[in-house]
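Me: Could you take one part of this model and walk me through it closely? I'd like to see what surrounds it and how the rest of the fold is laid out around it.

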Amino acid sequence: MRRIGILTSGGDAPGMNAAIRAAVRACAQNGVIPVGIHRGYNGLIHSDVVELDARSVNGITSRGGTMLYTARCEEFKTDAGLQMAVNACNYLGLNGIIAIGGDGTFRGAGKLSAAGINTICIPATIDNDIGCTHYSIGFDTAANTAIGAIDKLADTMQSHERTSIVEVMGHGAGHLALYVGIAVGATAILIPEKPFDFEQDVLEHIREGKYRNKHHHLIIVSEGVADTLAIAQRIRDELGLDTRATIIGHIQRGGSPTARDRVMATRMGHFAIEALLAGKTNQVVCYRNSQLVLTPIDEALQMKKSLDSYMYRVAKEVSI
Ligand code: F6P
């Protein structure tokens with residue numbers, strides 16, 4: 001293998017840069033030229049690439065975002081787009097591709113692989129909702145960012161004896177909300193995987209808290225589960241509490257990666273290059289049972305991630 005393309009696609013996640021750096025340096029160690037592809041599959045289709053070397057990724061481990069830019073590419077989903085990407089790989093002399101991102105990124109890599117381009121994927125999304133891996137790059141940083149913001153919020157909520165309703169990201173999955181909710185000691189955590197009864201699980205829970213002398217309450221809402229502003233209004237109307245709604249939003253996607261994300265991303269980037277050089281293709285690097293393993297892309301896309309029900313029970317039982 002002489003040249004390997006590296007791309008980031010879909011939503012960015014803190015730690016992507018560390019994965020790029022590790023992949024680039026692993027290429028350099030093995031006498032392979034790493035080629036950065038800009039804006040995901042978009043850049044591949046249009047041959048928007050840059051040759052990298054060990055020095056061109058200096059100092060990026062501590063930076064959020066992705067130095068290669070990222071995009072979601074509709075054109076690549078068409079047969080013509082795929083053919084353009086394959087042609088570009090041949091023209092650019094790319095013998096393999098490392099694709100860093102989520103499910104959509106994997107689907108694209110699977111198509112490339114079927115068209116004869118060796119591909120290895122690295123899971124990166126703050127949602128941590130990829131079924132084949134226990135961990136996806138970016139989750140820990142996003143959780144810590146949300147926790148930091150909520151801790152600040154808690155100070156003012158406590159001072160004013162207010163109730164806060166905080167929306168965190170998740171893209172239809174409650175892993176981030178549950179993790180953050182436990183870490184900040186939420187009164188209630190509303191996530192898509194666990195149907196809830198608003199009267200019982202929110203209003204009654206707050207009433208019980210008040211009875212136990214709680215003066216401020218914190219409700220965590222996973223995006224898309226309910227209208228955060230409407231929840232704040234309803235609690236105000238029904239319980240007469242002073243409420244504020246906060247949507248943390250894209251702040252969760254940025255910031256310097258935590259140690260966990262830097263180390264995991266570095267391991268995954270290195271592992272992915274070793275896999276490509278060993279002749280593997282059509283695989284996702286997965287973290288399972290404390291080690292990195294490969295899973296075929298098709299199989300990886302079939303795997304569903306279930307929410308940790310024990311964690312949910314713990315969250316509920318300690319929220320009194
Ligand atoms: O998948 C990561 C994520 O941040 C989700 O949590 C969120 O639903 C989505 O991306 C937001 O996407 P966009 O950046 O396109 O607004």
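Reply: **Helix 3 and its surroundings**

Let's start with the buried residues of helix 3: Gly81, Leu82, Ala85, Val86, Ala88, Cys89 and Leu92. Buried here means under 20% relative accessible area, exposed means over 50%, and partly exposed is in between (1.4 Å probe, protein chains only). They sit on the same side of helix 3, because they cover an arc of only 155° around the axis; that arc is taken over the directions from the helix axis to the C-beta atoms. On the other side of helix 3, the exposed residues are Asp79, Ala80, Asn90 and Tyr91.

Before going on, some ground rules: this is a predicted model, with local features needing pLDDT of at least 70 and side-chain atom pairs counting only at pLDDT 80 or more, while totals for chains, interfaces and linings use all residues. Residues are numbered from 1 along each chain as its sequence is written, and side-chain values use heavy atoms, leaving out hydrogens and water. Helices (H or I, at least four residues) and strands (E, at least two) are DSSP runs, numbered from the N terminus.

Helix 3 has 14 residues and reaches 20 Å from its first C-alpha to its last, close to the 20 Å expected at 1.5 Å a residue; the expected span is 1.5 Å times one less than the number of residues. Just after helix 3 comes Gly93, with a positive phi of about 70°.

What lies over that buried side? The cover includes strand 1, helix 2, strand 3, strand 4 and helix 4. Gly81 is a good place to zoom in: its relative accessible area is 2%, and, leaving aside neighbours within four places in sequence, Gly81 is in contact (heavy atoms within 4.5 Å) with Ile45, Glu75 and Phe76. The C-alpha atoms of Gly81 and Tyr41 are 9.1 Å apart, although 40 residues separate the two along the chain.

Now for the sheet that supplies some of that cover. Seven strands form an open, mixed sheet in the order 3-2-1-4-5-10-11, where two strands pair if DSSP finds at least two bridges between them. Strand 3 (49–51) and strand 11 (291–296) are at the edges with a single partner strand each, so one side of each has no neighbour in the sheet. From one strand to the next, the twist averages 25°. Axes are lines fitted to C-alpha atoms, for helices over the stretch in contact, and angles run from 0 to 180 degrees between N-to-C directions.

Strand 1 (residues 3–8) and strand 4 (residues 96–101) run parallel, joined by five bridges, and Ile4 has Gly96 as its bridge partner in strand 4. Helix 4 (residues 103–114) packs on the sheet, touching strand 4, strand 5 (118–123) and strand 10 (283–288), with its direction at about 170° to that of strand 5. Helix 1 (residues 16–29) lies across strand 1, strand 2 (33–37) and strand 4, at about 180° to strand 1.

In the loop between strand 2 and helix 2 (41–45) you'll find Arg39. Its phi is near 55°, positive in a residue other than glycine, and Arg39 is partly exposed at 36% relative accessible area.

What about the cysteines? A search of the whole structure turns up zero disulfides (pairs of cysteine sulfur atoms within 2.5 Å). For Cys73, the nearest cysteine sulfur belongs to Cys89, 13 Å away, and Cys73 is itself buried at 11%.
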